[in-house]
Each structure stands twice: as C-alpha cells, then as structure tokens.
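I opened this model to look up a few side chains and the places where they come together. My notes follow in the order in which I looked.

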Amino acid sequence: MSRLAYYPTPATRRLGSLTFHTAKRWSGSLAVWGAGAGTALIFLLSVTPKVKNTLLLKVPVLSRYYEDKTPASDKPF
C-alpha cells in the first residue's frame, strides 16, 4: 500500500495562498481583464473635464479627437 506524502510550500515561497506557480498561471487572464477594465473606465470617464484635460488631451493620437472646437460664442457659460 502506498503512503500519501504531503509537502507544504514553505512560507518564504508564497504570499498567503498565492505561490509563483498560481501567479504565473493567472497573469495572462488578469492582464486582459485589467486592460479591458482600464479601457472601459477611460471611455466612460472621457466626458468629465478632469480626465479629458489631464489625460486624453496629452496623448498625441487622441488629442485631435477630444479637442474642443466649439467657438466661444456658442458656449453658454
């Protein structure tokens, strides 16, 4: 009959229940979800002046699209 051997991962090689092997396995999926969430957040917050002026107008490719071309006479305030 064979015996069941249990070799726990040393505490120096893990962070809670996260080991290098599990972090490596999840890294691709977390990167894709993070990029998607970041893109959605920028898209949803693009109408706020703070995000528009501090982030989107400073990106060379996006600055033309988000630049305000409305004349001053047409702005109500």
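Aromatic pair. The model is predicted, and I began with Tyr 65, which I noted as exposed because its relative accessible area of 66% is over the 50% cut-off. Its neighbour in my notes, Tyr 66, I entered as buried, since a relative accessibility of 17% falls under 20%. I then searched the whole structure for aromatic pairs and found one. That pair is formed by Tyr 65 and Tyr 66, and I recorded it as edge-to-face, with 4.9 Å from centre to centre and 90° between the planes. The pair therefore joins an exposed ring residue, Tyr 65, to a buried one, Tyr 66.

Salt bridge. How many salt bridges does a search of the whole structure find? I found one, and in it the side chains of Asp 68 and Lys 75 meet at 2.9 Å, taken from N to O. I looked up the exposure of both partners: Asp 68 counts as partly exposed at 46% relative accessibility, and Lys 75 is also entered as partly exposed, with a relative accessible area of 39%.

Nonpolar surface. I next looked for nonpolar side chains at the surface and noted a patch of about 450 Å², made by Leu 41, Phe 43, Leu 44 and Leu 45. Within this patch I followed Leu 44, whose place is in helix 1, the element that covers residues 20-44. Leu 44 goes down as exposed, because its relative accessibility is 62% and the cut-off for that word is over 50%.

Helix 1, another position. I also looked up Ala 40, which is found in helix 1 and is partly exposed, with a relative accessible area of 36%. From Ala 40 I took the distance to Arg 25, 15 residues apart along the chain, and their C-alpha atoms are separated by 25 Å.

Loop position. Where is Leu 55 found? I placed Leu 55 in the loop between helix 2 (49-54) and helix 3 (63-66), and I noted it as partly exposed because its relative accessible area of 39% lies between the cut-offs of 20% and 50%. Leaving aside neighbours within four places in sequence, I listed Ile 42 and Lys 50 as the residues in contact with Leu 55. Finally, I compared Leu 55 with Ala 5, 50 residues apart along the chain, and entered a separation of 55 Å between their C-alpha atoms.

Conventions: Residues are numbered from 1 along each chain as its sequence is written. This is a predicted model: local features need pLDDT of at least 70, side-chain atom pairs count only at pLDDT 80 or more; totals for chains, interfaces and linings use all residues. Side-chain values use heavy atoms; hydrogens and water are left out. Patches are made of residues with over 30% relative accessible area and no salt bridge: like charges are joined within 9 Å, nonpolar side chains (Val, Leu, Ile, Met, Phe, Trp, Tyr) within 5 Å. Accessible areas come from the Shrake-Rupley method with a 1.4 Å probe; for residues, only the protein chains shown count as cover. A salt bridge is a side-chain nitrogen of Lys or Arg within 4 Å of a carboxyl oxygen of Asp or Glu. Helices (H or I, at least four residues) and strands (E, at least two) are DSSP runs, numbered from the N terminus. Buried means under 20% relative accessible area, exposed over 50%, partly exposed in between (1.4 Å probe, protein chains only). Rings of Phe, Tyr and Trp (its six-membered ring) pair if their centres lie within 6.5 Å; planes under 30 degrees apart count as stacked, over 60 as edge-to-face and the rest as tilted. Contact means heavy atoms within 4.5 Å.
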